[in-house]
Amino acid sequence: MSVKQHISTALRKFPIARFYPATMSLLKGYSVGNFTSDLSAGLTVGIVALPLAMAFAIASGLTPEAGIYTAIFAGFLISLFGGCKVQIGGPAGAFIVIVYGIIAQYGVQNLLIATFMSGIFLFLMGLFKIGSFIRFIPVSTVIGFTNGIAVLIGLSQVKDFLGLEIQKMPADFFSQIKALYGAINTINPYSIGLGAASLLIVFLWPRTWTASSSALRRWMAHIPSTIIVLVIMTSLVTFFHLPVETIGSRFGGIPQSLPTFVVPELSLESFEQLIRPALTLALLGAIESLLCARVADSIIHDRHDPNQELMGQGIANCVVPFFGCMPSTGTIARTVTNIKSGAVSPVAGIIHALTLLVIVLAAAPLAANVPLCCLSAILLFMAFNMGNWYEFIRLRQFTMSYKATLLATFFLTVIFDLTVAVEVGLAVASLFFMYRMNTLTRVLPITLPPDVPEKVQAWLMEGALFFGSISKLEAATDPKVITSPDAPDVIIFDFRELISLDNSAGDIIEGFQRNLAANHKVLIIANATDHPLQQLKRLRLDTVLGKYLAPDMESALLLAREALEEIRVFREKVAQNNPTAKH
């Protein structure tokens with residue numbers, strides 16, 4: 001075989017995912033009716049995304065246009081290269097706390113580098129099929145950090161909601177509390193009034209119109225409440241000159257143009273210090289996008305490609321930093337809006353991005369009088385909906401491991417940061433999982449039929465034999481089983497109830513078999529199937545055992561009788577050759 005053939009064969013065997021975006025499905029049967037549905041949905045979700053994109057960027061410590069540009073570029077690329085037909089990508093609330101912390105510690109330029117690095121990590125995660133493993137993150141960990149992020153988002157919006165005069169909000173929890181408390185005497189009543197009214201409108205608008213039987217009123221319910229809030233509050237500030245902080249007063253408005261292409265300066269030092277933040281962005285982006293895709297699947301009764309979705313997310317996050325944008329991922333609220341508006345393909349997501357582009361080029365100056373207290377109210381409402389608060393009430397119903405994992409992740413997210421929270425949450429969940437598996441794993445002596453010779457001993461293996469439960473093997477592999485005068489000559493391990501066998505347990509069994517063989521005794525393994533059998537083959541134990549790898553207990557007992565006879569003959573020969581030798 002030639003070198004080229006060897007390489008080709010190796011690549012076929014290597015576990016690399018196929019690059020096949022969901023847009024490829026458009027080549028089969030896409031109709032004018034499909035495009036009409038996607039056009040309507042894309043226009044709707046584009047309008048919905050506008051205030052959220054600005055709010056997310058401002059809350060993250062960036063300019064509002066950074067959020068809009070992210071929604072345009074990332075939204076377009078995620079829809080073009082992603083693995084879900086209806087997912088909408090862009091800036092997300094889950095990133096607010098992480099991005100704000102990175103900017104506070106490293107600066108905006110390094111945020112762009114970290115975003116680019118996270119894109120590489122995301123693409124590699126998809127390429128090497130890690131997308132399928134994200135679902136193994138315990139739900140208690142996901143709920144814990146999601147609720148923690150919701151608390152931090154809500155806390156970060158108190159300043160603008162109350163109109164407090166704070167030059168710059170700190171990044172950590174306790175410093176934020178201290179800063180808010182120190183500025184409590186600078187409350188702006190106009191900000192509170194506009195913010196409270198915004199909250200009421202966002203909450204009541206869809207509920208008020210939906211309750212009516214009128215077709216016009218039901219149509220009114222489909223107008224995004226966030227847009228209604230922006231129009232009303234911006235009009236009030238414009239016509240009555242209310243003394244509240246606006247996008248124009250803080251940022252000078254939004255440029256009526258596209259961003260310039262800029263290459264961030266990358267150095268070895270910045271690369272080393274940004275690996276951890278980049279991994280955090282990648283992990284959070286992967287979890288958020290795949291959770292969003294699963295929600296979409298449950299609504300449209302379809303199945304997304306998780307690895308392709310991560311590759312699409314990776315491409316988007318590699319591109320957006322060159323336009324001064326923030327990290328992006330799949331967004332549940334906009335995706336659900338997209339589906340409910342009639343989207344049937346990724347074209348809706350592409351149209352959503354183009355809609356935002358047209359808005360920026362045509363109507364950017366109108367955003368100058370948008371009050372920040374209005375955007376903070378939108379984020380407060382989003383943070384409340386983001387959290388799974390009922391889970392705290394139900395905690396008493398769950399196991400100690402679930403409670404400990406959820407609460408540890410929640411408090412660590414709030415007090416420290418998401419990276420620490422996820423690391424500790426996964427560690428706690430893993431420890432409890434190992435403890436649980438250890439309690440379910442048993443190694444029990446088997447009572448054999450009366451006609452089986454006494455020199456045969458059998459053990460039943462149940463559960464999973466892994467590094468956390470190998471202590472259960474002590475009784476069955478005790479050295480006394482080999483050396484004591486009344487020890488059995490044949491040991492049978494019945495794997496009938498064994499579901500998993502790791503290398504640590506396999507090494508112990510291998511060492512035990514070696515010691516038995518050195519003392520002219522026999523180990524028989526019966527009923528090894530699936531994973532335990534694969535492990536025996538990896539360790540070459542199937543070759544070592546040979547015929548003593550029995551398909552069932554009946555065969556194992558027949559082999560045991562044969563082995564006893566062979567042992568008896570061997571010992572007689574030894575005794576004849578060396579009469580003084582001990583039997």
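1. Accessible areas come from the Shrake-Rupley method with a 1.4 Å probe. With that in hand, start at the surface of this predicted model: the chain exposes about 28100 Å², and carbon and sulfur atoms supply 64% of that area.

2. Now turn from the outside to the inside. Of the 583 residues of the chain, 50% count as buried. A residue is called buried when its relative accessible area is under 20%.

3. Next, the overall build. You can pick out 25 helices and seven strands in the chain. The radius of gyration is 32 Å, well over the 25 Å that the globule rule gives for 583 residues, so the chain is more spread out than a compact globule. Try turning the model with this in mind: along its principal axes, the C-alpha trace spans about 115 × 60 × 60 Å.

4. How far apart in sequence are the residues that contacts join? Counting contacts between residues at least 6 apart in sequence, 80% join residues at least 24 apart.

5. The charges deserve a quick look too. The chain has 40 positive and 37 negative charges, and the mean positions of these two groups are 5 Å apart.

6. Which residues touch the most other members of the largest nonpolar core? They are Met-54, Leu-62, Ile-68, Phe-145, Ile-247, Leu-284 and Leu-375, out of 84 residues in this core. Helix H2 (residues 32-59) gives the largest share of the core, with 11 residues. There is also a second, separate core of 41 residues, and Val-452, Ile-492, Met-553 and Ala-556 are among its members.

7. Ile-247 is a nice residue to click on. Leaving aside residues up to four places away in sequence, Ile-247 touches several others, among them Met-54, Ile-58, Pro-64, Ala-367, Val-370 and Leu-375. Gly-252, Gly-253 and Ile-254 are also touched by Ile-247.

8. Finally, two histidines are worth your time. His-241 has a positive phi of about 50° although it is not a glycine. Where does His-241 lie? You will find His-241 in the loop between helix H11 (225-240) and helix H12 (247-251). His-241 is exposed, because its relative accessible area of 67% is over the 50% cut-off.

9. His-301 can be read in a similar way. Its phi is near 55°, a positive value in a residue other than glycine. The loop that holds His-301 runs between helix H13 (268-300) and helix H14 (306-319). Is His-301 buried or exposed? With a relative accessible area of 71%, His-301 is exposed.

Note on methods: Residues are numbered from 1 along each chain as its sequence is written. This is a predicted model: local features need pLDDT of at least 70, side-chain atom pairs count only at pLDDT 80 or more; totals for chains, interfaces and linings use all residues. Side-chain values use heavy atoms; hydrogens and water are left out. Helices (H or I, at least four residues) and strands (E, at least two) are DSSP runs, numbered from the N terminus. Buried means under 20% relative accessible area, exposed over 50%, partly exposed in between (1.4 Å probe, protein chains only). The radius of gyration is taken over C-alpha atoms; the globule rule is 2.2 Å times the number of residues to the power 0.38. Contact means heavy atoms within 4.5 Å. Lys and Arg count as positive and Asp and Glu as negative; His and the chain ends are not counted. The place of a charge is taken as NZ of Lys, CZ of Arg, CG of Asp or CD of Glu. A nonpolar core is a set of buried Ala, Val, Leu, Ile, Met, Phe, Trp, Tyr and Cys residues joined through side-chain atoms within 4.5 Å.
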